[in-house]
Amino acid sequence: MSRSAPDAAPPAANAAALPGQAERLLRQLEWTVIRRLDGLLQGDYRTLLRGGGLDLADLREYQPHDDVRHIDWNVTARLAVPHVRVFSEDREMAAWFLLDLSPSLDFGPPGQAKRDILAGFVAVLARLLTRHGNRVGAMLYGAGAAAAPSPAPAGAVRAPGVDAILPPRASRAHVLHLLHRLLQVPGPAAAPPGATDLSHLLGTALGTVRRRSAVFVVSDFITAPGWEKPLAQLAQRHDVVAVRLLDPLELELPDVGLVTLRDPETGDQLQVDTRDKAFRHRFARLAAQREAALRESLARAGADTLELATGDDLLDALVRFMELRGRQPAKPAYRAPASPTVAGAAARAA
């Protein structure tokens, strides 16, 4: 469901013109979020990023989510109960951010649009990882020329299907460079028209990220169908987290009278009467159906999911993320689902 974006450029785009905006934003996040997380991260390193070490640490009984390749058949035969090997995790691992910067991310309240949530989450998590010696890289998709300024900065490369690739590095300067690139994204008026297709971004990641890594797919998943299979293939090779961005108004419309909704990616407009109670019910029902289809698709692909809504407290979101990493959910084999529709729910409800 694509929905209208504000007419004005988002605060992040306007602020990008100010020198040092990335530095100021990162300093603010370091003070308000990272410092408060320090106590929570002590002694809990593994919940932030799971590595794949080679040193045997322990044996335990097999659980349904375990990798069958780790079964110790000698112990299993001796005890008549399946047991798996537990390995010490690598303390250094590359992390990749696959970032959907398409115009639909401009939706949301001023200063708390989905694009702002994306920038804050990526800045905080990238800084946390680099402080522990991990390298972070990024692939930018959907931002057009803003993500690939000319001339291209050192270290940034181009690839079909994405706007720019920032190779993994471990430094605060690298995080600042990534954040600066995110803040350069223009408003919807300057964005190229066309529907988002995340399969391009995920396909590029499949061919680029060779070594096992943590992969964060940050998007609102308002996209053409066909992304489920490449996401499942990524999840088979890497530790994948789908960070889903959303706004509550995408799920339920308030009664605000006549409004014009505009698709920020195609420019299509639709006038709807939100005073119509039946229309609001149809909108909510269609939105709920898409939510269920999207969550099922993510689960079938075997990716962990973290939902970030506009207005969420970033600290609380990171705490939820660490709790998510502390669990070991089952990752079922991929079965191609019916692709969820991405047509505007408002048009269908009307």
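# Exercises on a predicted model

Helix α8 is followed by Gly-302, whose phi is positive, near 85°. The structure is a predicted model, and the exercises below start from this helix before turning to other parts of the chain.

## Exercise 1: Helix α8

Task. Determine how the span of α8 relates to the span expected at 1.5 Å a residue, and state what caps its N-terminal end.

Solution.

Step 1. Helix α8 covers residues 277-301, a run of 25 residues. From its first C-alpha to its last it reaches 36 Å, close to the expected 36 Å.

Step 2. The N-terminal end of α8 is capped by Asp-276. A side-chain oxygen of Asp-276 lies 3.0 Å from the backbone nitrogen of Ala-278.

Step 3. Several residues of α8 are buried, among them Phe-279, Phe-283, Leu-286, Leu-294 and Leu-298. The buried positions also include Arg-280, Arg-290 and Glu-291.

## Exercise 2: The packing of α7 against α8

Task. Find at what angle the axes of α7 and α8 cross, and which residues make the contact.

Solution.

Step 1. Helix α7 spans residues 228-237, and its axis comes within 8 Å of the axis of α8. The two axes cross at roughly 35°.

Step 2. From α7, the contact is made by Glu-228, Leu-231, Ala-232 and Ala-235; from α8, by Ser-297, Leu-298 and Ala-301.

Step 3. Sorted by class, this contact has five nonpolar residues, one polar residue and one charged residue.

## Exercise 3: The nonpolar cores

Task. Identify the residues that touch the most other members of the largest nonpolar core, and the helix that supplies its largest share.

Solution.

Step 1. The largest nonpolar core has 49 residues. Those touching the most other members are Phe-97, Leu-99, Phe-121, Val-124, Phe-216 and Leu-318.

Step 2. Helix α4 (residues 114-131) contributes the largest share of this core, with eleven residues.

Step 3. With residues up to four places away in sequence set aside, Phe-121 touches Val-218, Val-243, Leu-306, Leu-308, Leu-314 and Leu-318.

Step 4. Another core, of 26 residues, lies apart from the largest one. Tyr-141, Leu-231, Leu-298 and Ala-303 are among its members.

## Exercise 4: Met-139 and Ser-213

Task. Decide whether Met-139 and Ser-213 are buried or exposed, and list what each touches beyond four places in sequence.

Solution.

Step 1. Met-139 lies in strand β4 (residues 136-141). Its relative accessibility is 0%, so Met-139 counts as buried.

Step 2. Beyond four places in sequence, the contacts of Met-139 include Phe-97, Leu-99, Ala-164, Ile-165, Leu-201 and Val-209. Trp-96 also touches Met-139; these two residues are 43 apart in sequence, with C-alpha atoms 7.6 Å apart.

Step 3. Ser-213 lies in the loop between α6 (198-208) and β7 (214-219). Because its relative accessible area is 2%, Ser-213 is buried.

Step 4. The side chain of Ser-213 reaches the backbone oxygen of Arg-211 at 2.8 Å. Outside four places in sequence, Ser-213 is in contact with Met-93, Ala-94, Trp-96, His-238 and Asp-239.

## Exercise 5: Two residues with positive phi

Task. Establish where Ala-80 and Phe-221 are found and whether each is buried or exposed.

Solution.

Step 1. Most residues other than glycine have a negative phi. Ala-80 is not a glycine, yet its phi is positive, about 65°. Phe-221, likewise not a glycine, has a positive phi of about 55°.

Step 2. Ala-80 is found in the loop between α3 (73-79) and β2 (83-87), and Phe-221 in the loop between β7 and α7.

Step 3. Exposed means over 50% relative accessible area. Ala-80 has 67%, so it is exposed. Buried means under 20%; Phe-221, at 2%, therefore counts as buried.

## Exercise 6: Helices α2 and α5

Task. Find which residues Glu-23 is in contact with beyond four places in sequence, and how far its C-alpha lies from that of Val-175.

Solution.

Step 1. Glu-23 is found in helix α2 (residues 21-41). With a relative accessible area of 22%, Glu-23 is partly exposed.

Step 2. Beyond four places in sequence, Glu-23 is in contact with Arg-172 and Leu-176. Glu-23 and Val-175 are 152 residues apart in sequence, and their C-alpha atoms are 9.7 Å apart.

Step 3. Helix α5 covers residues 172-183. Val-175 and Leu-176 are among its buried residues.

Notes
Residues are numbered from 1 along each chain as its sequence is written. This is a predicted model: local features need pLDDT of at least 70, side-chain atom pairs count only at pLDDT 80 or more; totals for chains, interfaces and linings use all residues. Side-chain values use heavy atoms; hydrogens and water are left out. Helices (H or I, at least four residues) and strands (E, at least two) are DSSP runs, numbered from the N terminus. The expected span of a helix is 1.5 Å times one less than its number of residues. Buried means under 20% relative accessible area, exposed over 50%, partly exposed in between (1.4 Å probe, protein chains only). A polar contact is a pair of N or O atoms within 3.5 Å; within protein, one must be able to donate a hydrogen and the other to accept it, and residues adjacent in sequence count only if both atoms are side-chain atoms. Axes are lines fitted to C-alpha atoms, for helices over the stretch in contact, and angles run from 0 to 180 degrees between N-to-C directions. Contact means heavy atoms within 4.5 Å. Ala, Val, Leu, Ile, Met, Phe, Trp, Tyr, Cys and Pro count as nonpolar, Asp, Glu, Lys and Arg as charged, and the others, Gly among them, as polar. A nonpolar core is a set of buried Ala, Val, Leu, Ile, Met, Phe, Trp, Tyr and Cys residues joined through side-chain atoms within 4.5 Å.
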